[in-house]
Amino acid sequence: MMNDHLFNKTQYNFFAKHLKADLGKVKTAKSCQWVVDTHRIGRIVNGYWLYTEKDRLAIIQLVKSQWNIDLLFDAYPQQQSRIDIAANDNDEKNNALAVSKDFVLVNSLNTLQINSKILDINAFSSLGIYINANKIETIEHKQIVLVENLAVMANLAKLVLLDNAKHLVNALWVYRGDVKREQSTGRAYDFFRRFKVSHQLLCFADFDPEGMKIAITSGASAMLSPTHNALVNFNVGGHDIDYFKQSAAKQYLTNQSNQCDFPLAINKLFVVMSEQRQTIKQEHILAHQIPLSVFTLN
């Protein structure tokens, strides 16, 4: 990996804490193994990283050469944009924020209506467009739908919307993002929740415990889901192991259900889900043309 010789924030804070104490040994952690493997400083013996005064000074000097700061007295440097870094550093990626940090992926079934402008993006078959969330002041769509899986963003026209969901053909669809640095979910959630007062927020996720938990905790007031009747006879080939990996999410939903926090329709969906013990992914919903309805969450 690029820059894997540089101290990241975790490693910096680890050594700052322990070298200030100057104990000469530290119980082995990933940071210890890294500094031995990458910089040949100190040694691992019987589960401890052992270091000398010479090693201690070597780490302090190494940090000084990399970041021009004092490990024992200065805080780890804040991340900046690549453009800001490039003004003073030949390595524009050094401790840089992801280029896409402020961007979210949006799409629509009709026109995109943002900042009092109308953009037709349906002339192309695409995932939508990335927009800078910080630059969005108004959204003229009345509904905003947070989408769990990227495949949906490219196939909005294939969704089968029942009568109480047909108005979503005019909604703004926002991709939730991944648990990756390049497409963090945090920015999408922030953008989504910012319009809670002025818009109807809906969440569309997989039909499984994790998907239902995502919908409930997303900040949405409603979720887009198959009806319980549409799921009774659902069956596809292959082993479904995903459902059985979601015990924590299922326990969360069980607790919510026991506290009577679910509307009747949501509770009925949860009962069907628990009986079927299947993960019905959004890709399944698209492939099998399973009709979708809007369910109020609170």
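This report describes a three-stranded sheet with its packed helix, a buried phenylalanine and a contact between two helices in a predicted model.

## The sheet and helix H2

Three strands make up an open sheet, ordered S1-S3-S2, in which the pairing is antiparallel. Strand S1 (25–27) and strand S2 (43–45) are the edge strands, each pairing on one side only, and the twist from one strand to the next averages 30 degrees.

Between S1 and strand S3 (residues 48–50) the antiparallel pairing extends over three bridges, with Lys27 standing opposite Tyr48 in S3. Helix H2 (residues 30–39) packs on this sheet and touches S1, S2 and S3, its direction making about 130 degrees with that of S2.

## Phe191 in helix H6

Phe191 belongs to helix H6, which spans residues 185–193. Because its relative accessible area is 1%, which is under 20%, Phe191 counts as buried.

Once neighbours within four places in sequence are left aside, the residues in contact with Phe191 are Val104, Val106, Ile131, Ala133, Ile136, Ile139, Leu172 and Val174. Phe191 and Asn134, although 57 residues apart in sequence, lie 8.4 Å apart in space, C-alpha to C-alpha.

## The contact of H9 with H10

The axes of helix H9 (residues 247–258) and helix H10 (residues 264–276) come within 11 Å of each other and cross at roughly 140 degrees, which makes H9 oblique to H10. The crossing of H9 past H10 is left-handed.

On the H9 side the contact is made by Lys250, Leu253, Thr254 and Ser257, and on the H10 side by Asn267, Phe270 and Ser274. By class, the residues of this contact divide into two nonpolar, four polar and one charged.

Note on methods. Residues numbered from 1 in each chain as written. Predicted model: local features only at pLDDT ≥ 70, side-chain atom pairs only at ≥ 80, totals over all residues. Heavy atoms only, no water. Axes fitted to C-alpha atoms, helices over the stretch in contact; angles between N-to-C directions. Helix = DSSP H or I, 4+ residues; strand = E, 2+ residues; numbered from the N terminus. Parallel < 35°, antiparallel > 145°, perpendicular 65-115°, else oblique. Left-handed = near helix turned anticlockwise from the far one by under 90°. Contact = heavy atoms within 4.5 Å. Nonpolar A, V, L, I, M, F, W, Y, C, P; charged D, E, K, R; others polar. Buried < 20%, exposed > 50% of the residue type's maximum accessible area, 1.4 Å probe, protein only. Pairing = 2+ DSSP bridges.
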